[in-house]
Amino acid sequence: MELLVVHPAIKAFMCGSLSGTCSTLLFQPLDLVKTRLQTLQTGVQPGSGRVGMVSVLLSVVRTERLLGLWKGVSPSFVRTIPGVGIYFSTYYSLKQHFLQDRRPGAAEAVLLGGGARTVAGVVMLPVTVVKTRFECGRYSYGSVIGALRSVCQTEGPAALFSGLMATLLRDVPFSGIYVMFYSQTKASLPKEISTSPVAPVANFSCGVLAGVLASLITQPADVVKTHVQVNPQLKTAEAIRYIYMEYGLQGFFRGAVPRSLRRTMMAAMAWTVYEQMMARIGLKS
């Protein structure tokens with residue numbers, strides 16, 4: 001009963017956090033494989049996503065055992081539980097303030113998704129940096145707190161915000177494009193499906209379609225972001241030049257398959273769980 005009297009934005013935060021927790025636990029191995037693919041040295045593994053994804057997956061299992069695929073899950077949780085909560089509570093607050101209960105148009109959906117992601121991305125960037133370093137295998141941090149302390153002591157607090165521009169260039173367009181495609185495809189569903197017991201499945205399918213399109217469009221920015229956060233001495237422009245010189249244009253799409261799978265499934269699951277939970281507590285998402 002106490003949940004029913006808290007502020008709607010807090011309810012949205014709690015629903016978002018739970019949905020993000022479920023999706024992160026399930027799809028963390030794909031994020032680790034994506035990060036390893038993007039940070040492989042030139043002489044170690046040619047940049048073929050078709051070969052690289054399978055070989056990296058098998059290599060991790062051989063050298064770090066099966067649980068090695070969940071390396072970095074602690075910082076992922078530290079980032080996701082508050083991060084997805086902040087995203088959905090910001091999204092809900094912006095939607096209620098500007099649109100009330102009206103369905104957003106295409107441009108409005110882009111602005112809502114992008115605005116919510118900007119807030120969540122900036123707040124959670126330090127944990128994102130630590131998570132990326134955990135997954136890449138080049139750093140031997142013992143814990144999230146220890147990693148944060150080590151980065152501050154050896155590189156300065158500014159290093160915790162390395163890759164800010166690349167992160168925003170990746171996440172803000174992704175979220176805006178995703179929300180636009182998701183809301184528009186949902187709106188095109190027949191009313192009989194939207195109000196039937198299979199509505200969650202239909203919504204999930206809309207989320208998968210939106211996630212694939214948004215992931216492919218923003219993949220180059222994700223590769224640049226990973227390189228900047230793993231190599232903090234690189235600036236965004238330098239990282240772009242380095243990737244192009246080392247791998248060519250295809251280098252900007254390294255890790256596209258595991259990232260598309262992960263981002264698509266995580267976003268689709270997070271939105272489906274979030275909307276179902278919001279409906280259960282009597283709020284329109």
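Visitor: Which helices each supply at least two residues of the lining of the largest pocket?
Guide: Helices α3, α6, α8 and α10 do, each with at least two residues of that lining. This is a predicted model, and the values are computed from it.

Visitor: Which helix gives the largest share of the lining?
Guide: That is α6, with five residues of the lining of the largest pocket.

Visitor: What volume does the largest pocket have?
Guide: The largest pocket comes to about 670 Å³. It is lined by 26 residues, and those closest to its centre are Arg103, Lys186, Glu275, Lys284 and Ser285.

Visitor: How does the lining of the largest pocket divide by class, and how many residues are charged?
Guide: Seven residues of that lining are charged, seven are polar and twelve are nonpolar.

Visitor: Now cavities. How many of 30 Å³ or more does the structure hold?
Guide: The structure holds one of 30 Å³ or more. The space in the largest cavity is about 510 Å³. Its lining has 30 residues, with Arg79, Val84, Arg117, Arg263 and Met266 the closest to the centre.

Visitor: And which helices supply that lining?
Guide: At least two residues each come from α1, α3, α4, α6 and α10. The helix that gives the most to the lining of the largest cavity is α4, with seven residues.

Visitor: How many residues in the lining of the largest cavity are charged, polar or nonpolar?
Guide: Ten are charged, eight are polar and twelve are nonpolar.

Visitor: On to the packing. What is in the largest nonpolar core?
Guide: The largest nonpolar core has 31 residues, and the ones with the most contacts inside it are Tyr87, Phe88, Tyr178, Trp271, Tyr274 and Met278. Helices α1 (8-39), α3 (73-99), α4 (106-136), α6 (164-187), α8 (199-230) and α10 (256-280) each contribute at least two residues to this core. Of the helices, α3 gives the most to the core, with seven residues.

Visitor: Take Phe88. What is it in contact with, leaving aside its neighbours within four places in sequence?
Guide: Phe88 is then in contact with Ala12, Gly16 and Ser19, and also with Ala270, Trp271 and Tyr274. Apart from the largest core lies another one, of nine residues, and Val223, Val224, Leu234 and Ile243 are among them.

Visitor: α10 keeps turning up. How many residues does α10 have, and what span does it reach?
Guide: Helix α10 has 25 residues and reaches 35 Å from its first C-alpha to its last, close to the 36 Å expected at 1.5 Å a residue. After α10 comes Gly282, with a positive phi near 85°.

Visitor: Where is Pro173 found?
Guide: Pro173 is in helix α6.

Visitor: Is Pro173 buried, partly exposed or exposed?
Guide: Partly exposed, since the relative accessible area of Pro173 is 31%, and the range for that class runs from 20% to 50%. Leaving aside neighbours within four places in sequence, Pro173 is in contact with Leu168, Tyr178 and Thr218. Its C-alpha is separated by 17 Å from that of Pro104, and the two residues are 69 apart along the chain.

Visitor: Last one. What is the phi of Arg65?
Guide: The phi of Arg65 is near 65°, which is a positive value in a residue other than glycine. Most residues other than glycine have a negative phi.

Visitor: Where is the place of Arg65?
Guide: Arg65 sits in the loop between α2 (49-64) and α3. Arg65 is exposed, with a relative accessible area of 67%.

Terms used
Residues are numbered from 1 along each chain as its sequence is written. This is a predicted model: local features need pLDDT of at least 70, side-chain atom pairs count only at pLDDT 80 or more; totals for chains, interfaces and linings use all residues. Side-chain values use heavy atoms; hydrogens and water are left out. A nonpolar core is a set of buried Ala, Val, Leu, Ile, Met, Phe, Trp, Tyr and Cys residues joined through side-chain atoms within 4.5 Å. Buried means under 20% relative accessible area, exposed over 50%, partly exposed in between (1.4 Å probe, protein chains only). Helices (H or I, at least four residues) and strands (E, at least two) are DSSP runs, numbered from the N terminus. Contact means heavy atoms within 4.5 Å. On a 1 Å grid over the protein atoms alone, a cavity is a set of points where a 1.4 Å probe fits but cannot get out, and a pocket is an open set with protein on both sides within 12 Å along at least five of seven lines; lining residues have an atom within 4 Å of a point. Grid points are joined across faces, edges and corners, and a volume is the space filled by probe spheres set on the points. Ala, Val, Leu, Ile, Met, Phe, Trp, Tyr, Cys and Pro count as nonpolar, Asp, Glu, Lys and Arg as charged, and the others, Gly among them, as polar. The expected span of a helix is 1.5 Å times one less than its number of residues.
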